[in-house]
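Student: I should like to work through this structure step by step. May we begin with how its parts are arranged and then turn to its side chains?

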Amino acid sequence: MNTTLRFEEHGTGTPLVLLHAFPLCRSMYGPQLELSKTFRVITPDFPGFGESPQQVGWTVATAADAVADLLDELKITEPVLLGGVSMGGYVALAFASRHANRLKGLILADTRSEPDSAEAKANRDKGVATVKEAGVPAFFAGMLPKLVAPANERLYVELRQLAALQSSEGVANGLIALRDRPDATPSLKSINVPTLVIVGEHDALTPPSASEAMMKELPHGSLVVIPGAGHLSNIEAPAEFNAAIANWATVTSLHYPARP
C-alpha cells in the first residue's frame, strides 16, 4: 500500500498500537492516552479516516501491512502489543496472520473472527448507497443505537461529532473493506502470543458469544467482559478497559517474554 497512515504517539515503553473502530478515527482512543504513563501508545488512522489519505480498494490485509509499514517508519523493531476495537480488531487479526513475528501480544475488543453473512454483506451495500446519497451523518444515525449500551446514550453527541469528521468516500471504502474481509477463524489456532479478548456485556453487534467462540480457538486467550458496556467498550467504560489491558500486559511481560 502506498498510503502513509497518519498517527499519534504518546509515552514511552513497550509499544501499544490501538486500531480504531468504524466509522471513527484515532480520536476515539482519547480515553486510552492514560495508558501512555506505562506504554508507548500509537494510534493510526485507517485509509480515508481521520487524517489519513484516501485509498480506494484497501482491505483489512493491506491495512495490516500499512500498520507494519508504520512500525518500520517509527523504527520499531521489537515485538509490539497490538489490538483494536471492532474494525480495528479485524485488522489486528490480519496483522497477526501476516506479521506474526512483530507481535508480543494481541488485543481483540468487541470484534469477531467470522466474515459477514450474506445478509450483512447486503446491508454493507445498502450502507454504501446511503453514505453516497445522504452523507455520513444520515448513515451513522442508523447505526448509532447499536454502538453503545442504552445506559450510555450520553455518548451520542460525542460519537456523532467523531463520525461527522469522516468523509463519505472514506466511510464507503471502509464499508467495502468490512464486507469483503475473509474468515479469520481458521487462523486463530496459530496465534502463538497471549491474546486479550475484551467485550462489552451488552455489545449488540459482536456479542459476548462471539468472543467466547474465539476463546475456544485461541491457544493463549484471556477473556474480559466489561459490565454495562456495549460495542464501544473503550469509550463507554474507559477505566475498566484500560485496567484490563494494563493487568493483562503485566502478566504478558512476566510469562511471555519478547521473542528474539
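Tutor: Let us start with a definition: two strands pair if DSSP finds at least two bridges between them. Please bear in mind that this is a predicted model.

Student: In what order do the seven strands form the open sheet?

Tutor: The sheet is open, and its pairing is mixed. From one strand to the next, the twist averages 15°. The order of the seven strands is β1-β3-β2-β4-β5-β6-β7.

Student: Which strands stand at the edges of the sheet?

Tutor: An edge strand here has a single partner strand, so one side of it is left without a neighbour in the sheet. Two strands fit this description, one comprising residues 7–10 and the other residues 221–226. They are β1 and β7.

Student: How many bridges join β2 to β3?

Tutor: Strand β2 covers residues 15–19 and strand β3 covers residues 40–44, and the two run parallel. Within β3, R40 stands opposite P15. The number of bridges joining the two strands is three.

Student: Which strands does helix α7 lie across?

Tutor: Helix α7 consists of residues 208–217. Its direction is at about 165° to β6, the strand of residues 195–200. The strands it lies across are β5, β6 and β7.

Student: Are α1 and α2 roughly parallel or roughly perpendicular?

Tutor: The axes of α1 (residues 60–73) and α2 (residues 87–98) come within 8 Å and cross at roughly 70°. Angles of 65 to 115 degrees count as roughly perpendicular. The description of α1 relative to α2 is therefore roughly perpendicular.

Student: How many nonpolar residues does the contact of α1 with α2 have?

Tutor: Residues of α1 including V60, V67 and L71 meet residues of α2, among them Y90, F95 and R98. The contact has two charged residues and no polar ones. Its nonpolar residues number 11.

Student: Is F22 buried or exposed?

Tutor: Buried means under 20% relative accessible area. F22 has 6% relative accessibility, and therefore it counts as buried.

Student: Which residues form one aromatic cluster?

Tutor: F22 and F49 form an edge-to-face pair, 6.1 Å centre to centre with 75° between the planes. F22 also forms an edge-to-face pair with F139, at 6.0 Å and 70°. F22 lies in the loop between β2 and β3 and F139 in helix α4, so this pair ties together parts 117 residues apart in sequence. The cluster is formed by F22, F49 and F139.

Conventions: Residues are numbered from 1 along each chain as its sequence is written. This is a predicted model: local features need pLDDT of at least 70, side-chain atom pairs count only at pLDDT 80 or more; totals for chains, interfaces and linings use all residues. Side-chain values use heavy atoms; hydrogens and water are left out. Axes are lines fitted to C-alpha atoms, for helices over the stretch in contact, and angles run from 0 to 180 degrees between N-to-C directions. Helices (H or I, at least four residues) and strands (E, at least two) are DSSP runs, numbered from the N terminus. Angles under 35 degrees count as roughly parallel, over 145 as roughly antiparallel, 65 to 115 as roughly perpendicular and the rest as oblique. Contact means heavy atoms within 4.5 Å. Ala, Val, Leu, Ile, Met, Phe, Trp, Tyr, Cys and Pro count as nonpolar, Asp, Glu, Lys and Arg as charged, and the others, Gly among them, as polar. Rings of Phe, Tyr and Trp (its six-membered ring) pair if their centres lie within 6.5 Å; planes under 30 degrees apart count as stacked, over 60 as edge-to-face and the rest as tilted. Buried means under 20% relative accessible area, exposed over 50%, partly exposed in between (1.4 Å probe, protein chains only).
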